[in-house]
Amino acid sequence: MSKQNNQILKNTNAKILDEFNASVMFDKELYAQDIKGSIAHSQMLFEQGILSKEDKEAIHKGLLQVKQEIESGEFEFKIEHEDIHMAVESRLTEIVGEAGKRLHTARSRNDQVATDFRLYVQDKNISIKQQIKELINTFVDVASKHTTTLIPGMTHLQHAQPINFGYHLLAYANMFKRDYERFESSYERNNFSPLGSAALAGTPHNINRDSTCSQLGFYSPTTHAMDSVSDRDFALEILFNISTTIMHISRISEELVTWSSYEFQFVRMSDEYATTSSIMPQKKNPDVPELLRGKTGRAYGNLISLFTVMKGLPLAYNKDTQEDKEGVFDSVKTIEVSLAILNEVIKTMIVNEDKMYNACKIGHLSATDLADYLVQKQNMPFRTAYYITKDVVATANKLNKDISELTIEEIRNSNEQISNIDEEILNYLDLEASMNARDSFGGTSTKQTNIQIELLKTWLESK
């Protein structure tokens, strides 16, 4: 190989290695947190007499200029900067000169990135939590309009018992409430500052970690420097929380896809959130719920990826953790857009109450009410009542009727043990009465559904 070709190969390999090693093209997402952390750090250095007032003021002014340049699009990110920290520091030094070189006193990129990334995750814990709250509020609003709208309650995707549609929606409100609480809990558990841990063992400089904590909004400093620079539990937590939330989004999306099919026609989605087929103009496809459902695998993949990165890392910091950010950034963007879109889908969907009610007449949804009546009013053992109810259902099937549509004579003729049953049973088999009979706390009756709505409203007001 000629010397010229050999040099070209070396230059090519060097370029590939630079690109492989650098993270600046994705961790630039952390620019605001990096600048915020640097302002706090330089302020603390000044307070401790490590940095002069002049240098501190020059650094602050320069950092704010860097931030303005990034946000205006003027800033040029270069591979040779390697990461966001060096990109900001290099530009700062260009602006303010020697003072910029003093900024990194008493810190390492190890505690710097741990702080930046934690600040980012904490910011997102708050903003995602707020989006979830808005979604819960939407579910509560829609549910409050449908506390008497009957829909088949299902198990195994088979018609089981009549419930009201508001009650069904509140199940999702409660799922998302738990999601909110997970993000809230993660924020509380992780709101501690790694800044000042330096490379892994602290620093000989006379720093004040409480000062930077106060400036950055952390509760207090982390208590172990080595753990602080290597810890990514906070990133795993937000990935897990996002994965759980998006799983709940996927579940309601699956129901929306099912409910909007010709077989169900329970709901119709706004034209904004559905599309027509490219060759079949009569079709209206639930593309948006399908896409929401499909995002689940993406979020799960990001969680498992970071678990895999972290599983074999010795203490303390390792370059492997450069792989911690892209998955988090991706999952955050995915959940933010998913929550926003689902909120609008639920707000704008059109509910077909007649279709829901007619579906309740399929599958003998009030059959359990007959068994309960026989237990409560006739003092029968439940198992005896169960088999009598089976006979009544069999009669209804022969007559091609729903059990709620049987006459008293047809019920009496179904089994000799109930040949004298009181006509009162007809009231119990009524579908609306069946729904309202489930009046235990947490049940589907209109009364209990309204109680659940008020409980959720009270919770929402407290947040």
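What follows walks through the pocket, the cavity and several helices of this predicted model.

The largest pocket comes first. Its volume is about 640 Å³. A set of 28 residues lines this pocket, and those closest to its centre are Gly-153, Met-154, Ile-163, His-168 and Glu-255. Four elements each give two or more residues to the lining: strand 1 (150–155), strand 2 (158–164), helix 8 (165–190) and helix 11 (233–259). Helix 8 gives the most, with seven residues. As for chemistry, the pocket lining divides into 14 nonpolar, 10 polar and four charged residues.

Then there is the enclosed space. The count comes to one cavity of 30 Å³ or more, and about 30 Å³ of space lies in it. His-41, Met-44, Ala-106, Leu-195, Gly-196, Ile-207, Arg-209 and Thr-212 make up the lining of this cavity. Helix 3 (31–47) and helix 9 (209–216) are the elements that give two or more residues to that lining. Sorted by type, the cavity lining has four nonpolar residues, three polar and one charged.

Helix 11, already met at the pocket, also holds Glu-237. Is this glutamate buried or exposed? Its relative accessible area is 19%, and a residue counts as buried under 20%, so Glu-237 is buried. Leaving aside residues up to four places away in sequence, Glu-237 touches Ser-186, Arg-189 and Asn-190.

Next up is helix 12, which runs over residues 287–310. How does its length check out against 1.5 Å a residue? With 24 residues, helix 12 should span 34 Å, and its end C-alpha atoms are 36 Å apart, so the two figures agree. The buried residues of helix 12 are Val-288, Pro-289, Leu-292, Thr-296, Ala-299, Asn-302, Leu-303, Leu-306, Val-309 and Met-310. Among the elements that cover these buried residues are helix 10 (225–230), helix 11 and helix 13 (325–348).

Helix 13 is also where Thr-334 sits. With a relative accessible area of 6%, Thr-334 falls under the 20% cut-off, so this threonine counts as buried. Which residues does Thr-334 touch, not counting residues up to four places away in sequence? They are Ile-246, Lys-295 and Arg-298. Thr-334 and Ile-242 are 92 residues apart along the chain, yet their C-alpha atoms are separated by 8.9 Å.

Towards the later part of the numbering, an unreviewed UniProt entry places the feature "domain: Argininosuccinate lyase C-terminal" at residues 365–436. In the model, the chain over residues 365–436 is 61% helix and 0% strand. The end C-alpha atoms of this stretch are 13 Å apart.

Helix 15 covers residues 367–377, and its buried residues are Ala-367, Asp-369, Leu-370, Ala-371, Tyr-373 and Leu-374. What covers them includes helix 16 (382–398), helix 18 (425–429) and helix 19 (431–437). Just after helix 15 comes Asn-379, which takes a positive phi of about 60°.

Technical notes
Residues are numbered from 1 along each chain as its sequence is written. This is a predicted model: local features need pLDDT of at least 70, side-chain atom pairs count only at pLDDT 80 or more; totals for chains, interfaces and linings use all residues. Side-chain values use heavy atoms; hydrogens and water are left out. On a 1 Å grid over the protein atoms alone, a cavity is a set of points where a 1.4 Å probe fits but cannot get out, and a pocket is an open set with protein on both sides within 12 Å along at least five of seven lines; lining residues have an atom within 4 Å of a point. Grid points are joined across faces, edges and corners, and a volume is the space filled by probe spheres set on the points. Ala, Val, Leu, Ile, Met, Phe, Trp, Tyr, Cys and Pro count as nonpolar, Asp, Glu, Lys and Arg as charged, and the others, Gly among them, as polar. The expected span of a helix is 1.5 Å times one less than its number of residues. Buried means under 20% relative accessible area, exposed over 50%, partly exposed in between (1.4 Å probe, protein chains only). Contact means heavy atoms within 4.5 Å. UniProt positions are given in the numbering used here, feature names are shortened, and annotations may be inferred rather than shown by experiment.
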